[in-house]
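Hi,

Here is the model I promised to pass on. Have a look at it first, and my notes follow underneath.

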Amino acid sequence: MVKIISDSTCDLSPELLRQHDITLTPLLILSDAEEYRDGVTITPRELFKMVENEHKTCTTAAVNVFDYQEVFEKFSASHDEIVQINISEKFSACNQNARIAAEDFPKVQVADSRNLSAGSGYTVLDAAIMAKQGKTAAEIAAFVEESAPYINCSFVIDRLDYLHRGGRCSGVALISSKILGIKPCIEVCDGAMRVGKKYRGKFAEVLEIYVKDRLSDVDNLDLTRCFITHPACSDEIVEHVRACIKKHADFKEIIATNAGCTVSNHCGPNTLGIIFRQKTVYV
């Protein structure tokens, strides 16, 4: 049987990971002289406490070659083949490091999800289902990369200060967002991020409009599943978004997941995205 492994940015819930026997390779969170493993030795809430209460600066680092080699060696002994799925190469060195590590392990196939968070998680879950169906590692890895352009992944950010700390937002944009109440939609397209529509207003009201915008092309939706992914939004916000999704599209399942530390460190607590697949390539 094929073993499915993903780096920790896929943001699938612990329940889904257990149900589908998916193993994670955790990215690193660095703060001062301390090193943490995403989802293992640090949680998003702990990260937010460090940043906001203790005024520490946190950065992220890719899974290194040695860590990939360790996990490949472990599962090569117990599985016929392995597929390692990673965050887009345009965001991180994870995929490059995994390919280097895989050179010593002929059983391992490495796939670039060309996405992040549940955009990657969507294809990781598909890969796990395909593994249960008896597909080969080569077939699964090919599917992951071929299906990447069809994943519609975006999120709305309530506060830009986390992006600013990470160098992904200028000081002018930060000040403008505070004065004008701008909440940008960040889209993932062809493995990279771009700024989409800029919303104004209260977060809950913005999310309602955002969901309507994202699901407007009803005939182009693959209704298999839709993810709601966020770092630390309230249950009320998540259920509000779930209800909005149901108003516009009849997905077979709507799965709420929490973003891990890697995504949280760049986006902040009040960030939420919906992720689904389209029937045509997302551009």
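Before the ring pairs, one definition: two rings of Phe, Tyr or Trp (its six-membered ring) count as a pair if their centres lie within 6.5 Å, and planes over 60 degrees apart make the pair edge-to-face. Keep in mind as you read that this is a predicted model.

**Aromatic pairs**

By that rule there are 5 aromatic pairs. One of them joins Phe72 and Phe105, with 5.9 Å from centre to centre and 70° between the planes, which puts it in the edge-to-face class. Its two partners come from distant parts of the chain: Phe72 belongs to helix α3 (residues 65-76), while Phe105 sits in the loop between α4 (94-102) and β7 (108-112), 33 residues apart. Are these two rings buried or exposed? Phe72 is buried, at 0% relative accessible area. Phe105 has 15% relative accessibility and still counts as buried, because the cut-off is under 20%. Tyr68 joins in as well, since ring pairs link Tyr68, Phe72 and Phe105 into a cluster.

A pair elsewhere is formed by Tyr199 and Tyr210: the ring centres are 6.5 Å apart and the planes stand at 85°, so this pair is edge-to-face too. Tyr199 is in strand β10 (residues 192-200) and Tyr210 in helix α9 (residues 203-214), so the pair ties together parts that are 11 residues apart in sequence. Both Tyr199 and Tyr210 are buried.

**Nonpolar cores**

Phe72 turns up again here. The largest nonpolar core has 53 residues, and Phe72 is among those with the most contacts inside it, along with Ile4, Leu12, Val83, Ile85, Ile140 and Phe227. Which helix gives this core its largest share? That would be α5 (residues 117-132), with 8 residues. For a closer look at one member, take Val83: leaving out residues up to four places away in sequence, Val83 touches Val2, Lys3, Ile4, Ile5, Gln109, Ala137, Ile140 and Ala141. There is also a second, separate core of 24 residues, including Cys226, Val241, Cys244 and Leu272.

**The cavity**

How many cavities of 30 Å³ or more are there? The count comes to 1. Its volume is about 80 Å³. The lining is made up of 13 residues, and those nearest the centre are Ser117, Phe155, Thr229, Val263 and Gly273. Three strands, β8 (151-157), β11 (221-230) and β13 (271-278), each supply at least two lining residues. In terms of chemistry, the lining divides into 7 nonpolar residues, 6 polar and no charged.

**Two positive phi values**

Ser117, from that cavity lining, is also worth a look for its backbone. Most residues other than glycine have a negative phi. Ser117 has a phi near 50°, a positive value. This serine is found in helix α5 and is buried, with a relative accessible area of 6%.

His55 also has a positive phi, near 55°. It is found in the loop between α2 (44-52) and β5 (58-61). Is His55 buried or exposed? At 65% relative accessible area, His55 counts as exposed, because the cut-off for that is over 50%.

**Two buried strand residues**

Val110 lies in strand β7 and is buried, with a relative accessible area of 10%. Setting aside neighbours within four places in sequence, Val110 is in contact with Gln84, Asn86, Asn95, Ala98, Arg99, Ala102 and Glu145. From Val110 to Ile140, the C-alpha to C-alpha distance is 10.0 Å, with their positions 30 residues apart in sequence.

Ile151 is in strand β8, one of the strands that help to line the cavity. Ile151 is buried, at 2% relative accessible area. What is Ile151 in contact with, leaving aside neighbours within four places in sequence? The contacts are Asn115, Gly119, Tyr122, Thr123, Ile275, Phe276, Arg277 and Tyr282. Ile151 and Cys189 are 38 residues apart in sequence and 8.7 Å apart in space, C-alpha to C-alpha.

That's it from me. Over to you!

Definitions and conventions: Residues are numbered from 1 along each chain as its sequence is written. This is a predicted model: local features need pLDDT of at least 70, side-chain atom pairs count only at pLDDT 80 or more; totals for chains, interfaces and linings use all residues. Side-chain values use heavy atoms; hydrogens and water are left out. A nonpolar core is a set of buried Ala, Val, Leu, Ile, Met, Phe, Trp, Tyr and Cys residues joined through side-chain atoms within 4.5 Å. Buried means under 20% relative accessible area, exposed over 50%, partly exposed in between (1.4 Å probe, protein chains only). Helices (H or I, at least four residues) and strands (E, at least two) are DSSP runs, numbered from the N terminus. Contact means heavy atoms within 4.5 Å. On a 1 Å grid over the protein atoms alone, a cavity is a set of points where a 1.4 Å probe fits but cannot get out, and a pocket is an open set with protein on both sides within 12 Å along at least five of seven lines; lining residues have an atom within 4 Å of a point. Grid points are joined across faces, edges and corners, and a volume is the space filled by probe spheres set on the points. Ala, Val, Leu, Ile, Met, Phe, Trp, Tyr, Cys and Pro count as nonpolar, Asp, Glu, Lys and Arg as charged, and the others, Gly among them, as polar. Rings of Phe, Tyr and Trp (its six-membered ring) pair if their centres lie within 6.5 Å; planes under 30 degrees apart count as stacked, over 60 as edge-to-face and the rest as tilted.
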